[in-house]
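User: I've got a structure open and I'd like to walk through it. Can we take it piece by piece?

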Amino acid sequence: MISNKAKKQIDAWVAKYPEGHQSSAVMEALKIVQAENDNRLTSDTIQAVADYLAMPGIAAAEVATFYENYNHKPVGKHTIRFCHNISCMLNGSDELITHLENKLGVKTGEVTPDGLINVKKVECLGACVGAPMFQIGDQYYENLTADKIDEIVDGLK
Amino acid sequence: MADIEIEIDGNLVNAKAGEILIAVTDREGISVPRFCYHKKLSIAANCRMCLVDVEGAPKPQPACSTPIADGMKIHTQNEKAKASQKAVMEFLLINHPLDCPICDQGGECELQDVAMDYGSDVSRFTEGKRIVADSDIGALIQTDMTRCIHCTRCVRFGAEVAGIMEMGATGRGEDLKIEPFLEEGIQSELSGNMIDVCPVGALTSKPFRYELRSWQMNAVSNVARHDLVGSNIITQTYKGKVKRIVAKDNESINETWISDRDRFSYEGLSHENRLLAPQIKVEGTWKEVEWNVALDFATRGLANNVFNTHQTDKLGALASNTATLEEFHLLQKILRSVGSENIDHRLNVKDLDNAISLESSIKLAGLEGVDHALVIGSNLRLEQPMISHRLRKANLSGASIDVINAMAFDFNYRLNSENIISPNQTAAMLAGVLKSVLQNAQVEIPDYLVDIKVNDVATQLAEKLSQSDNSVIVLGEHIVNNPQAASIANLVSEIAQHTNSTTLNVSATANSMAANMTGFVPGKGGLDVNAMLAADLKAYILLDIYPQYDFHHSLQAVEALSNEDTFVISLNSFKDDAVAQYSDVLLPIASFYETSGSHVNVEGEVQSFAAAVNAPSDTKPAWKVLKVLADLLELPGFHYADSTQVTSEVMHQSHKQHVHGESIDVKVKRGVNVIWQKSPYAVDVLSRHATSLQATNIGQINSASMNKATAKKLEVAQDDEYLGVPVAINEAVANNCVFVNANHSTGVQS
């Protein structure tokens, strides 16, 4: 379930904490394991991480379900992380999300049939100055309009 | 901690510095509402219901997480406190459904009670309430998670007390849910306590679902007889039936917890298999008769087979370990009055020359104060859940725990060392420990230890025991049928003596301490159970025995008792085919909670209890049946008006029987060793008939575990049958050892 390469990466994180506190590395461990499993977590992979860090499965699941960065459903090659918090909302994010959903033909949380794109509503990404905004990969796209979204999405491969 | 003075609502109160405010108000009887705070759990301070006004603090403070300091002035009832409490209450009720009429918690609900005091009569919340899907978490606990207020008591109970974190808080914000991660359901042997700690109707008792309201039932204090603890319970009854059992606080015995076995076994009381009418066997067929006819038949049978032929030494009495102190006493008194010493309760012991008698020298509450424990031959968690819990507490506060077992069991605390060895090596291992202890103490080594080699493990165990100020040696159930059981007990008592350790003998369970106290063992010239079965006795009186579960030599027992010339009087609470086969009279007796009596726990504490309900139908409490039987036999000294007179008679006599030899055999034995242990929920007849308990994961434990090498030697493979039980290949078992956990009748001959 966890590759040797991932185990090595996790071990590096475990080493940063005092002995017996290996469960402190759970967030990074989940991230590492998610990255090598189609960018999502399942109860099996969460349990595997918990076992590896000698912690209860439910404790790892609590962490995995708390943070937005962990995916529990299949995701596309690109995840569009659309902010819907107050600043973006006041600047029309709700309408833009509907526009994006219509364009892609899927709802938030679903993946396009070609497996390329999924949309996820996320909490504030700290870019209120450029609201409304979303994030793809490591890239922020700000001051979005319907046209701008079409252009960006069309450019995704 | 120094004594300080604080002011609560204008009254001066003495307290210790650093105490938590809510503990002080609870002690003083000042009511502060709360949901997440529980005196036995860690502080979460997440429900915010206990907000009070502390002078000088800008905002109201949660009483459950505010340590007190000298001169503090606290207002629990002023406007600021009341306003905060009301605001929190309104907040908590936003998503709580208004379904009290169909909620099992209704009438005993903390949320309902607090809402009466602090809630508003009209909700200002007009939006939709959230709904949470329930998860099926097993046969014992019913979930209605929409009612959950996220106090996390159940989560903390699992992580802190049960020792397995099973429930957790997943998601966040409005999506936060309390749920288990695994779908197999809750595994803990203490899970029912989650029902008790849940302040709302989110977790309720599944067997009790939709049965009754709490105010409709009578509550009777009682004592659970399934293990050596004698947990205090409250039996809640309605129209002569036990409907539910909840824990009763007793800090020195069970704190506030009880095991699932104690909580849910009552279901067996209404099982269709109950024996409800006296029966006699006439020419091979059973006939239901009146009590006087059955008792007359019984006394005539005894007269014909024993008294008229002057063969009183051919009469035997056997009793199950779950009998009450009074029942043990009366049965042995009948036997001794007519001149027979054939009395025994140790039915599961293979070789009684080898029986253990080791005194326990530690109190239950003392267990959590030990700094070291050596557990020998026990799956403690499932055998004695509350004792295991105490040791876990000791472990959490720093005690190191070593284990010598034949299989690696699932302990819910960190072990210092786990030594998995075959039962054939246990005596030799302990001899090594003793030798090392004696060497360290520079005491002369006795002859039987001269040839013993002390290995590293023995040295380390000896060192731990010698260095610890307060260590305990626990002797568990698996030792009972160890080929060197008596030697092991002797070695343990020697080791304890030389290391200043205490001992805890949990090798025989249920009410076996009461049997010992009343002298329910063969006296001078008497036969033990195995000798009786081999000796062609002419008559038996058997007290609540189910041969295929209770006897070690079950097939021989049934055969011996079925002898045509043997007259068998059986007092039973449940029907059983084998019992019907060998008995001549069946006398239906009251089961748990239907009779008054006493339980003696491992520390020797005698706890008496009254009957919670009347014995159903035509059944009678066994102590009364035995008393009447004695009267009919015209025996003197059986004039008891109630069972407490029997109790006081026992308390005023002293029976001390030393039942095992002094010799010590420390040679390693050869061959494959079988440890046969009943599954945790098959230990007594009541638990075996409790359907919900049987449906749990623990209730379904049924396997003969052995490692690959042993399986090869015995020529069996995974899922084959061995001794009538499916084989489970498991490398956690010591070599040359088979660990059998059976939940059904045994066929064991060895």
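Analyst: Sure. Keep in mind that this is a predicted model. Let's start with strand 22 of chain B, residues 539–543. That strand is mostly covered, with five of its five residues buried.

User: Which residues of strand 22 of chain B are on one side, and which on the other?

Analyst: B:Ala539, B:Ile541 and B:Leu543 are on one side. B:Tyr540 and B:Leu542 are on the other. All of them are buried, so both faces of the strand are covered.

User: How many bridges join strand 15 to strand 22 in chain B?

Analyst: Five. Strand 15 spans residues 315–319 of chain B, and the two strands run parallel. As one pairing, B:Gly316 has B:Tyr540 of strand 22 as its bridge partner.

User: And strand 23 of chain B, does it run parallel or antiparallel to strand 22?

Analyst: Parallel. Strand 23 covers residues 567–572 of chain B, and five bridges join it to strand 22. There, B:Ala539 stands opposite B:Phe567.

User: New topic: helix 13 of chain B. How far apart are its end C-alpha atoms?

Analyst: They are 21 Å apart. The helix has 15 residues, 485–499, and at 1.5 Å a residue it should span 21 Å, so the two values agree.

User: How many of its residues are buried?

Analyst: 11 of the 15, so helix 13 of chain B is mostly covered. Among the buried ones are B:Ile488, B:Leu491, B:Val492 and B:Ile495. B:Asn490 and B:Thr499 are also on that list.

User: What do those buried residues pack against?

Analyst: Two helices and two strands of chain B. The helices are helix 11 (423–440) and helix 12 (456–467). The strands are strand 20 (471–475) and strand 21 (502–505).

User: What follows helix 13 of chain B?

Analyst: B:Asn500 does. Its phi is positive, near 60°.

User: OK, switching again. How many residues of chain A are in contact with chain B?

Analyst: Nine residues of chain A, in contact with 11 residues of chain B. Helix 4 of chain A, residues 57–66, gives the most to chain A's side, with seven residues. By type, chain A's side divides into five nonpolar, three polar and one charged.

User: Last one. Which domains does chain A have?

Analyst: The domain assignment gives domain 1 (4–66) and domain 2 (78–154). Their centres, taken over C-alpha atoms, are separated by 29 Å.

Technical notes
Residues numbered from 1 in each chain as written. Chains lettered and ligands numbered in written order. Predicted model: local features only at pLDDT ≥ 70, side-chain atom pairs only at ≥ 80, totals over all residues. Helix = DSSP H or I, 4+ residues; strand = E, 2+ residues; numbered from the N terminus. Expected span 1.5 Å × (residues − 1). Buried ≥ 20, exposed ≤ 12 C-beta atoms within 10 Å, placed from the backbone. Contact = placed C-beta atoms within 7 Å. Nonpolar A, V, L, I, M, F, W, Y, C, P; charged D, E, K, R; others polar. Pairing = 2+ DSSP bridges. Domains from an automatic or database assignment.
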